[in-house]
Amino acid sequence: MQFDNQVVAVTGAAQGIGRAVAEAFAAEGAKVAVVDIRKDLALEVVAGIADSGGQAMAVECNVASRAEVNAAAREIASAYGPIEVLVSNAGITRPAMLRNMADDQWRDVLAVHLDASFYWLQAVVEDMVEMGHGRIIFSSSSTAQNGSIGQVNYAAAKAGILGLMRSAARELGRYGILVNAVAPSAATEMTEKVRTDPRFAGGISKSPLRRWAEPDEIAPAYLFLAGSASSFMTGQVLSVDGGNMLVR
Ligand SMILES: NC(=O)c1ccc[n+]([C@@H]2O[C@H](COP(=O)([O-])OP(=O)(O)OC[C@H]3O[C@@H](n4cnc5c(N)ncnc54)[C@H](O)[C@@H]3O)[C@@H](O)[C@H]2O)c1
């Protein structure tokens, strides 16, 4: 199998896109760390992977805490060995119009997306340098390019992740470490409000594919960016959004 016994850590893997990514790596033979603040749900994901004959462990971690990120990375390394593929995917939204946004809405979103991506990068990089290989894949968003009404915090965090990703790609390429991002769009809890609120109903009819993706349709992009087919790709953003980027 493509990822036989490779050590893959996926943050925010208890549900949504992260869950689909974790399950897809496990189905390809990887040893998968299902990292999430929701240990109860992470354990369910692990049980499902085990039932399908895969290998996975649940790791409880608030990715906004450097201490918890470092502890989680150590826990994974001691159980499975050094992390070879990191998918930094955990995310939240705290929407509010700019004129009403409170400091904690700004801070929380920046912490879970941008601070966490920086913490995880530093938590895995030394082992990857020592191994001479590694793949790091961030979850960005079309909002990094287009902005988002009611989400200056989220769009700023996702744009920040792209700056982090490109700079890390430039610094780490010489060590055989490739760093990329996916800009997904899928039907998950995060997008439930825009999918069900009639005020946003027109949006999907403008999308070229005219529908939302299932998380399973997004996961292959992460496997591509972790596998041999993308061995000469770094510093890139792969949009897997049914062409939404074209029409916003
Ligand atoms: N769904 C989309 O259309 C879409 C679009 C663009 C970008 N994204 C990005 O893709 C990623 C996954 O989104 P999703 O739609 O699957 O969302 P989701 O809400 O279904 O899942 C997010 C996961 O992150 C976990 N999480 C939240 N805060 C955490 C924390 N502090 N520490 C650890 N785990 C935490 C949650 O428990 C959950 O399991 C996010 O980074 C999101 O911003 C999603």
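Buried means under 20% relative accessible area, exposed means over 50%, and partly exposed is what lies in between. Keep that handy for the exercises below, which all use a predicted model.

**Exercise 1. Is Asp 104 buried, partly exposed or exposed, and where does Asp 104 sit?**

Start with the location: Asp 104 is part of helix α4, which covers residues 103-131. Next, take the relative accessible area of Asp 104, which is 48%. That value falls between the two cut-offs of 20% and 50%, so Asp 104 is partly exposed. To finish, look back along the chain to Arg 94, 10 residues apart from Asp 104 in sequence; their C-alpha atoms are 9.1 Å apart in space.

**Exercise 2. Work out how α4 and α6 are oriented to each other, and list what their contact is made of.**

Step one is the geometry. Helix α6 spans residues 152-172, and its axis and that of α4 come within 8 Å, crossing at roughly 15°. Step two is the label: angles under 35 degrees count as roughly parallel, so α4 is roughly parallel to α6. The crossing of these two helices is right-handed.

Step three is the residues. On the α4 side, the contact includes Trp 106, Leu 110, His 113, Leu 114 and Phe 118. On the α6 side, Tyr 154, Lys 158, Ile 161 and Leu 164 are among the residues that take part. Sorted by class, the contact of α4 with α6 has 15 nonpolar, 5 polar and 1 charged residues.

**Exercise 3. Now turn to α3: at what angle does α3 pack with α4, and which residues meet?**

Helix α3 runs over residues 66-80, and its axis is 9 Å apart from that of α4, at an angle of about 35°. The α3–α4 crossing is right-handed. From α3 come Arg 66, Val 69, Asn 70, Ala 72, Ala 73 and Ile 76, and from α4 come Phe 118, Tyr 119, Trp 120, Gln 122 and Ala 123. Split by class, that contact holds 8 nonpolar, 2 polar and 1 charged residues.

Did you spot Phe 118? It appears in the α4 contact with α3, and it appears in the α4 contact with α6 too.

**Exercise 4. Decide whether α1 and α9 are parallel, perpendicular or oblique to each other.**

Helix α1 covers residues 16-27 and helix α9 covers residues 215-226. Their axes come within 8 Å and cross at roughly 55°. An angle under 35 degrees would count as roughly parallel, and 65 to 115 as roughly perpendicular; α1 and α9 are therefore oblique to each other. The crossing is right-handed.

For the contact itself, α1 brings Gly 16, Ile 17, Ala 20, Val 21, Ala 24 and Phe 25. Among their partners in α9 are Pro 215, Asp 216, Ile 218 and Tyr 222. The class count for the α1–α9 contact is 11 nonpolar, 1 polar and 1 charged.

**Exercise 5. Compare the settings of Asn 5 and Arg 210, two residues with positive phi.**

Take Asn 5 to begin with. Its phi is positive, about 60°, although Asn 5 is not a glycine. This residue lies in the segment before β1 (7-11), and with a relative accessible area of 46% it is partly exposed.

Then Arg 210, another residue other than glycine, with a phi near 55°. Arg 210 is placed in the loop between α8 (202-206) and α9. Its relative accessibility is 56%, so Arg 210 counts as exposed.

**Exercise 6. Describe the surroundings of Asn 244 and of Val 194.**

Asn 244 is in helix α10, residues 244-247. Its relative accessibility of 8% means that Asn 244 counts as buried. Leaving out residues up to four places away in sequence, Asn 244 touches Ser 185, Ser 207 and Pro 208. Leu 209 is 35 residues apart from Asn 244 in sequence, yet their C-alpha atoms are 8.3 Å apart.

Val 194 is in helix α7, residues 192-196, and counts as partly exposed at 34%. Beyond its neighbours within four places in sequence, Val 194 is in contact with Phe 200 and Trp 212.

**Exercise 7. What does UniProt place at residues 6-185, and what is the helix and strand content there?**

The unreviewed UniProt entry places the feature "domain: Ketoreductase" at these residues. Over residues 6-185 the chain is 52% helix and 19% strand, and the end C-alpha atoms are 27 Å apart.

Definitions and conventions
Residues are numbered from 1 along each chain as its sequence is written. This is a predicted model: local features need pLDDT of at least 70, side-chain atom pairs count only at pLDDT 80 or more; totals for chains, interfaces and linings use all residues. Side-chain values use heavy atoms; hydrogens and water are left out. Helices (H or I, at least four residues) and strands (E, at least two) are DSSP runs, numbered from the N terminus. Buried means under 20% relative accessible area, exposed over 50%, partly exposed in between (1.4 Å probe, protein chains only). Contact means heavy atoms within 4.5 Å. Axes are lines fitted to C-alpha atoms, for helices over the stretch in contact, and angles run from 0 to 180 degrees between N-to-C directions. Angles under 35 degrees count as roughly parallel, over 145 as roughly antiparallel, 65 to 115 as roughly perpendicular and the rest as oblique. A crossing is left-handed if the near helix is turned anticlockwise from the far one by less than a right angle, and right-handed if clockwise. Ala, Val, Leu, Ile, Met, Phe, Trp, Tyr, Cys and Pro count as nonpolar, Asp, Glu, Lys and Arg as charged, and the others, Gly among them, as polar. UniProt positions are given in the numbering used here, feature names are shortened, and annotations may be inferred rather than shown by experiment.
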